[in-house]
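Student: I've got a structure open on my screen and I'd like to go through it with you. Can we take it piece by piece?

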Amino acid sequence: MQLLTKAPRGTQDILPKDSYKWQFIENIMLNQAELFGFSEIRTPVFEHTELFSRSVGEDTDVVQKEMYTFNDKGGRSITLRPEGTAGAVRAMLEHGLYNESLPVKMSYITLCYRYEKPQSGRWREFTQFGVEMFGASSAAADAEVICLAKTLFDRLGLSNISLEINSIGCPKCRAKYYEALKKYFEGYKSELCETCLSRLDRNPMRILDCKSLICSKIAENAPAVLDFICADCKEHFEKLKEYLDAVSIEYTVNPKIVRGLDYYTRTVFEFVSKDKNTLGLVCGGGGRYDGLVEELGGKPTPALGFGLGIGRILLAMESQGIEIPKTNVCDVYIASIGDAASLFAFNLTRLLRESSFIAEYDTIGRGLKAQMKYADKIGAKFTLVLGDDEIASKKAKIKNMKTGDLLEINLDKNFLTEFFKIHAEAENEKIFKNFSQK
RNA sequence: GUGGGUAUAGCUUAGUUGGUUAAAGCGCCAGUUUGUGGCACUGGAGACCGUGGGUUCGAAUCCCAUUAUCCACCCCA
């Protein structure tokens with residue numbers, strides 16, 4: 001296929017027939033966040049490159065090789081956001097939101113960009129839902145964010161998603177950990193790859209997830225974080241577990257979680273799919289990043305957050321056979337025969353739409369039979385047929401497409417009231433049927 | 001970044017050891033006489049067989065390259 005008619009690699013078109021699924025998920029996300037007191041924030045798709053290299057971390061894969069970076073016409077280095085947190089923190093600082101009552105709680109749904117090799121559940125452009133919380137240092141806040149994520153999965157009907165938590169300590173205890181790591185890796189100085197050698201001084205923890213076979217083998221026996229965290233961090237971690245236990249949220253402690261972004265401190269967590277089709281899929285992740293606000297020039301402010309990829313959620317839902325209800329079903333299709341009827345039909349649809357009914361009429365000049373077929377195909381609940389006779393007599397037949405029943409309806413000022421009634425009766429029937437089945 | 005698979009109508013695929021105008025199902029459009037969909041029947045449109053080279057009298061089929069795509073590893077959402 002030609003380049004012209006081909007979407008760029010790793011991007012995804014969401015077609016009209018599928019968009020309701022995304023809307024369904026996104027509505028639940030934002031609504032659930034609202035129930036927890038998080039309000040939506042919208043920030044730009046692109047930011048100054050510096051923001052991401054400072055927050056995400058110079059030594060991360062994301063910054064080193066996955067960012068879409070370019071110079072704009074004013075010579076500024078600009079980057080399409082690879083994740084949502086940095087922009088949220090920047091906006092929080094820029095608008096002084098920390099001056100309002102704490103905690104500051106925000107949610108967002110944004111497109112993110114990473115130049116990676118695409119595969120199942122991984123795109124170069126992807127939609128991320130996330131929440132961020134500023135000014136809360138207690139483990140209760142960690143529990144709150146984890147609980148929010150957990151209830152999202154529940155509301156979407158997802159099962160087989162397990163929560164894994166870990167603590168990677170604060171800067172104080174991490175210094176000790178770094179020292180131990182350095183000591184350990186220095187023994188293998190001659191074997192480590194070039195990038196890891198440069199990481200050795202700045203961020204030895206990154207060596208733990210180096211891709212090189214040699215480095216990863218060496219890393220296998222490296223000291224573990226949990227053995228080095230300080231008393232405060234340990235207490236925080238224990239408190240978090242207590243909170244999770246209190247609401248019966250199940251979790252496993254996984255000491256291997258070292259998140260790929262540098263800003264994390266203390267609590268880190270991931271939601272991982274245990275389903276056989278989507279096994280290992282990371283359905284969401286997050287943690288605490290108490291040092292980031294200061295790093296970006298603000299006052300020291302405890303902070304934490306969580307993010308998930310909507311595309312991955314949809315993948316998991318589809319593999320579990322979860323049906324997403326269709327919302328945009330045509331209430332009434334108005335078939336017309338002749339020019340006069342077409343004009344009349346146009347006017348009727350306008351009336352119906354003003355009363356929030358989804359109404360359509362023929363706009364490509366098809367015959368009656370073809371119009372009926374079309375009405376059937378789009379799943380119209382009712383079809384009204386208009387011709388010269390109906391216009392003259394001000395009376396028409398309206399067909400219930402499910403039952404096939406034909407009813408008479410007046411085309412005068414009573415039209416809307418009558419349609420409301422007919423429509424409501426059919427809906428009633430459906431609801432009652434569901435009700436008596438249960 | 002490393003490794004593996006695949007590329008034929010909008011979609012799912014067939015195409016036998018290379019052999020004339022490249023098939024089928026679904027979908028789309030139109031009909032099956034009068035103004036009512038679903039079912040059935042009939043017909044129609046729609047493919048430079050991913051692209052570029054090569055082998056051959058002859059290539060969708062064999063070879064090479066390239067691109068795209070999918071999957072796994074890694075990492076991540």
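Student: Let's start with L304. Which element does L304 lie in, and is L304 buried or exposed?
Tutor: Keep in mind that this is a predicted model. L304 sits at 1% relative accessibility, and buried means under 20%, so L304 counts as buried. As for the element, L304 belongs to strand β11.

Student: What is L304 in contact with, leaving aside its neighbours within four places in sequence?
Tutor: The partners include V131, E132 and M133, along with A136, A141, D142 and V145. The list is completed by G287, R288 and Y289.

Student: How far apart in space are L304 and N166?
Tutor: In sequence, L304 and N166 are 138 residues apart. Going C-alpha to C-alpha, their separation in space is 14 Å.

Student: How many residues does the largest nonpolar core have, and which have the most contacts inside it?
Tutor: The general background is that nonpolar side chains tend to be buried together in soluble globular proteins. Here the largest nonpolar core has 43 residues. Those with the most contacts inside it are F129, F271, F306 and I313.

Student: Which element gives the largest share of this core?
Tutor: Elements that give two or more residues to the largest nonpolar core include α1 (19-35), β6 (125-134), β9 (265-273) and α11 (310-319). α5 (139-156) is also on that list. The largest share is ten residues, and the element it comes from is α5.

Student: And F306, what does F306 touch, not counting residues up to four places away in sequence?
Tutor: One group of partners is F129, G130 and V131, and another is V145, A149 and L152. Next come F269 and F271. The remaining ones are G284, G285 and G286.

Student: How many residues are in the other core that lies apart from the largest one?
Tutor: Among its members are V62, Y108, Y178 and M205. That other core has 41 residues.

Student: Now α11. Which residues in α11 are buried?
Tutor: It helps to recall that an α-helix has 3.6 residues a turn, so residues three or four places apart point the same way. The cover over the buried residues of α11 includes α1, β6, α5, β10 (282-288) and β11. The buried residues themselves are I310, G311, I313, L314, A316 and M317.

Student: What follows α11, with a positive phi?
Tutor: Look just past the helix for a phi near 70°. The residue there is G321.

Student: D331 is in a loop between α11 and which strand, and is D331 buried or exposed?
Tutor: The loop runs between α11 and β12 (332-336). D331 touches S356, F357, I358, K381, F382, F419 and H423, not counting residues up to four places away in sequence. Its relative accessibility is 7%, so D331 counts as buried.

Student: Any odd backbone geometry? Which residues does a cis peptide bond join?
Tutor: Check for an omega of about -5°. One of the two residues, P103, has its place in the loop between α4 (85-94) and β5 (104-113). The cis bond joins L102 and P103.

Student: N160 and R266 both look unusual to me. What is the phi of N160, and what is the phi of R266?
Tutor: N160 is found in the loop between α5 and β7 and is partly exposed, at 43% relative accessibility. R266 is found in strand β9 and is buried, with a relative accessible area of 15%. Neither N160 nor R266 is a glycine, yet phi is positive: about 60° for N160 and about 50° for R266.

Student: In which sense do β15 and β16 pair?
Tutor: β15 and β16 form a hairpin with five residues between them, and G404 in the turn has a positive phi of about 85°. I398 has L407 in β16 as its bridge partner. Strand β15 (residues 395-400) and strand β16 (residues 406-410) pair over five bridges, and the sense is antiparallel.

Student: Last topic, empty space. How much space lies in the largest cavity?
Tutor: The structure holds one cavity of 30 Å³ or more. Its lining is I41, T43, R81, G84, A88, Y108 and T110, which divide into three nonpolar, three polar and one charged. The space inside is about 40 Å³.

Student: Which helix gives the most to the lining of the second largest pocket?
Tutor: About 590 Å³ of space lies in that pocket. Of the 20 residues lining it, the closest to its centre are N400, K402, T403, A426 and K430. By class, the lining has seven nonpolar, five polar and eight charged residues. Nine residues come from the helix that gives the most, α15 (residues 415-437).

How values were computed:
Residues numbered from 1 in each chain as written. Chains lettered and ligands numbered in written order. Predicted model: local features only at pLDDT ≥ 70, side-chain atom pairs only at ≥ 80, totals over all residues. Heavy atoms only, no water. Core = buried A, V, L, I, M, F, W, Y, C linked by side-chain atoms within 4.5 Å. Buried < 20%, exposed > 50% of the residue type's maximum accessible area, 1.4 Å probe, protein only. Helix = DSSP H or I, 4+ residues; strand = E, 2+ residues; numbered from the N terminus. Contact = heavy atoms within 4.5 Å. Pairing = 2+ DSSP bridges. 1 Å grid on protein atoms, 1.4 Å probe; cavity = no way out; pocket = protein on both sides within 12 Å on 5 of 7 lines; lining within 4 Å. Points joined across faces, edges and corners; volume = space filled by probe spheres on them. Nonpolar A, V, L, I, M, F, W, Y, C, P; charged D, E, K, R; others polar.
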